[in-house]
Amino acid sequence: IYGDIEADLEKEPWTPVLRDRVLAALTPNIKFERSYRHVSHPTQDLDKENARSYARFELAPAAGSNSRDIVAKLLHRPDFVSLAAELVWDATELLHRGLRCLELLGLVSTGADYLYVGRPSIDDHPQNRRFQDWSVYIDLLKGAWERVAASDPARAREEVARWMRISFPTFRRFVLWSTQKPGGLTGSEGATFIIENSDRILWKSDTHRELLQCLRGLSSTIPSDLCESLVNLILIGPNRSHYPTDWPAGRLEAVLDRSVFWRLLKLRDGGTTLSHAAHVRISEILARHPEWSNSTTERDEFLGWFEATSGPPLWDTVPVAGDYRDRTDDEVVAAICGDPTSSETQERWRRLADDQPLRLIPILEALGATNIFEPGIWQSPIDSWVAEDSVPDYLRMFARFGANLGDEFIRRNVQTLAGLLERYCRGKKGGAEDSLWKMWDMLTGP
């Protein structure tokens with residue numbers, strides 16, 4: 001049925017009937033999958049009032065993976081420019097409806113919707129991993145708005161005003177993204193939007209990329225009083241209560257410094273005139289962290305940067321003695337075996353996992369062979385992004401050693417491990433395998 005829509009989008013004229021079929025195919029659905037607890041502990045920790053305790057959910061269009069081809073063909077229709085004014089409203093509505101469904105299930109809120117994890121950039125970018133089908137809503141909304149903005153900036157501005165009334169972070173991202181574009185906010189309006197919503201924008205993970213893009217693009221177009229207000233908010237810095245209380249002091253101070261530093265540099269490097277106090281703060285931060293560069297790059301606009309090569313960690317670069325990033329794999333294995341539970345070991349290992357994730361597999365295999373199954377060590381590859389070509393190796397490693405990690409470890413991470421299997425199956429173009437059952441078999445089978 002959805003293949004017919006794809007074919008019709010290529011050859012049929014746009015009609016109300018075709019529009020209704022496309023919107024039906026893109027209607028947000030919540031995909032339910034069995035929880036691991038149905039196999040291992042059917043009633044343990046089961047909260048009948050909380051659906052997440054016995055099932056896992058994913059936002060997906062009704063057409064599933066077919067939705068990608070549907071949206072791609074829609075965006076490439078020769079007449080899409082004339083359709084965009086109608087479809088931009090539809091695209092906003094589809095995304096908003098999907099987020100409301102997730103909100104009803106308690107999976108997102110107006111404070112955090114987590115779509116940035118799979119789609120860290122509204123713009124097309126290699127860091128957008130797009131292995132989840134809901135990403136087509138971002139593609140459609142972005143593509144439709146850009147076409148409208150090019151031909152009818154006033155209509156595009158109406159849609160931005162609509163986004164500003166929607167409380168989910170993804171729409172705040174779109175508002176920031178529109179700044180300084182035809183049909184989007186002006187520089188002054190963008191700065192005002194940030195100031196008036198500073199508690200929901202300035203230090204939030206959801207808006208990180210688009211905020212820094214916006215700051216970089218403000219340049220000298222904003223009045224001095226707005227600039228002063230914005231800079232003063234940045235100088236205050238993020239609230240310490242937003243960060244884990246058990247972080248080492250050096251790490252917390254580095255994160256706080258980095259947060260202020262990046263925002264000031266984005267303004268400065270974009271051409272905004274900073275106050276004397278801002279320049280003093282930049283100098284103070286560089287004095288505390290002389291290894292930091294006094295300029296910013298696009299990489300700073302992402303909370304994580306995934307690639308096959310290594311690079312400096314993003315959120316904390318305070319050197320630690322015996323840093324594993326500067327040691328061979330054999331030296332790292334020996335060091336961890338000597339003291340796997342200490343906070344120093346865990347911190348060095350976390351930095352290696354963040355910065356050089358491709359080194360984890362052989363090291364973990366060596367640790368498993370020597371019966372080192374400290375949960376904090378094995379948790380790091382779960383928390384780090386797994387590059388696509390490494391997924392089979394990660395699955396093989398956890399299938400081999402998973403049973404040694406204990407039920408609690410499996411219970412805590414089963415959804416992530418199942419997600420690895422899903423990605424593997426999609427990459428292999430496999431059939432409709434039940435990923436949770438398969439993962440259970442892999443982790444507990446002989």
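**Notes on a predicted, mostly helical chain**1. At 59% relative accessibility, Asn-371 counts as exposed, since that value is over the 50% cut-off. This is a predicted model, and Asn-371 is a good place to start reading it. The residue sits in the loop between α16 and α17 (375-383). Its phi is near 65 degrees, a positive value in a residue other than glycine. For background, most residues other than glycine have a negative phi.

2. Gln-180 also deserves a look. Although Gln-180 is not a glycine, its phi is positive, at about 70 degrees. You will find Gln-180 in the loop between α7 and α8 (187-196). With 38% relative accessibility, Gln-180 is classed as partly exposed.

3. Now for the overall picture. The chain holds 20 helices and two strands. It has 446 residues, of which 51% count as buried. If you take the contacts between residues at least 6 apart in sequence, 72% of them join residues at least 24 apart.

4. How many aromatic pairs does a search of the whole structure find? The search gives six. In one of them, the ring centres of Trp-163 and Phe-174 are 5.1 Å apart and the planes stand at 45 degrees, so the pair is tilted. Trp-163 belongs to helix α6 (residues 153-164) and Phe-174 to helix α7 (residues 169-178), so this pair ties together parts that are 11 residues apart in sequence. Both Trp-163 and Phe-174 are buried. Together with Trp-145 and Trp-177, Trp-163 and Phe-174 form one aromatic cluster.

5. Here is a charge over a ring that you may like to inspect. Arg-258 lies over the face of Trp-292, and the distance to the ring centre is 3.9 Å.

6. Another charged residue, Glu-93, is found in helix α4 (residues 80-104). Is Glu-93 buried or exposed? Glu-93 is buried, as its relative accessible area is 17%, which falls under the 20% cut-off. Leaving aside residues up to four places away in sequence, Glu-93 touches Arg-100 and Arg-162.

7. Helix α2 (residues 16-25) has Leu-18, Val-22, Leu-23 and Ala-25 as its buried residues. Viewed down the axis of α2, these buried residues fall within an arc of 160 degrees, so they line one face of the helix. Pro-16 and Val-17, on the other side of α2, are exposed. As a general reminder, an α-helix has 3.6 residues a turn, so residues three or four places apart point the same way.

8. Helix α18 (residues 391-401) can be read in a similar manner. Its buried residues include Val-391, Tyr-394, Leu-395, Met-397, Phe-398 and Phe-401. Looking down the axis of α18, the buried residues fall within an arc of 165 degrees, so they line one face of the helix.

9. Finally, a helix pair. The axes of helix α15 (residues 343-355) and helix α16 (residues 360-369) come within 11 Å and cross at roughly 140 degrees. Angles over 145 degrees would count as roughly antiparallel, and α15 and α16 are therefore oblique to each other. Which residues meet across this pair? From α15 come Trp-349, Leu-352 and Ala-353, and from α16 Leu-360, Ile-363 and Leu-364.

Terms used
Residues numbered from 1 in each chain as written. Predicted model: local features only at pLDDT ≥ 70, side-chain atom pairs only at ≥ 80, totals over all residues. Heavy atoms only, no water. Phe/Tyr/Trp six-rings, centres within 6.5 Å; stacked < 30°, edge-to-face > 60°. Helix = DSSP H or I, 4+ residues; strand = E, 2+ residues; numbered from the N terminus. Buried < 20%, exposed > 50% of the residue type's maximum accessible area, 1.4 Å probe, protein only. Lys NZ or Arg CZ within 6 Å of the ring centre and 35° of its normal. Arc of directions from axis to C-beta. Axes fitted to C-alpha atoms, helices over the stretch in contact; angles between N-to-C directions. Parallel < 35°, antiparallel > 145°, perpendicular 65-115°, else oblique. Contact = heavy atoms within 4.5 Å.
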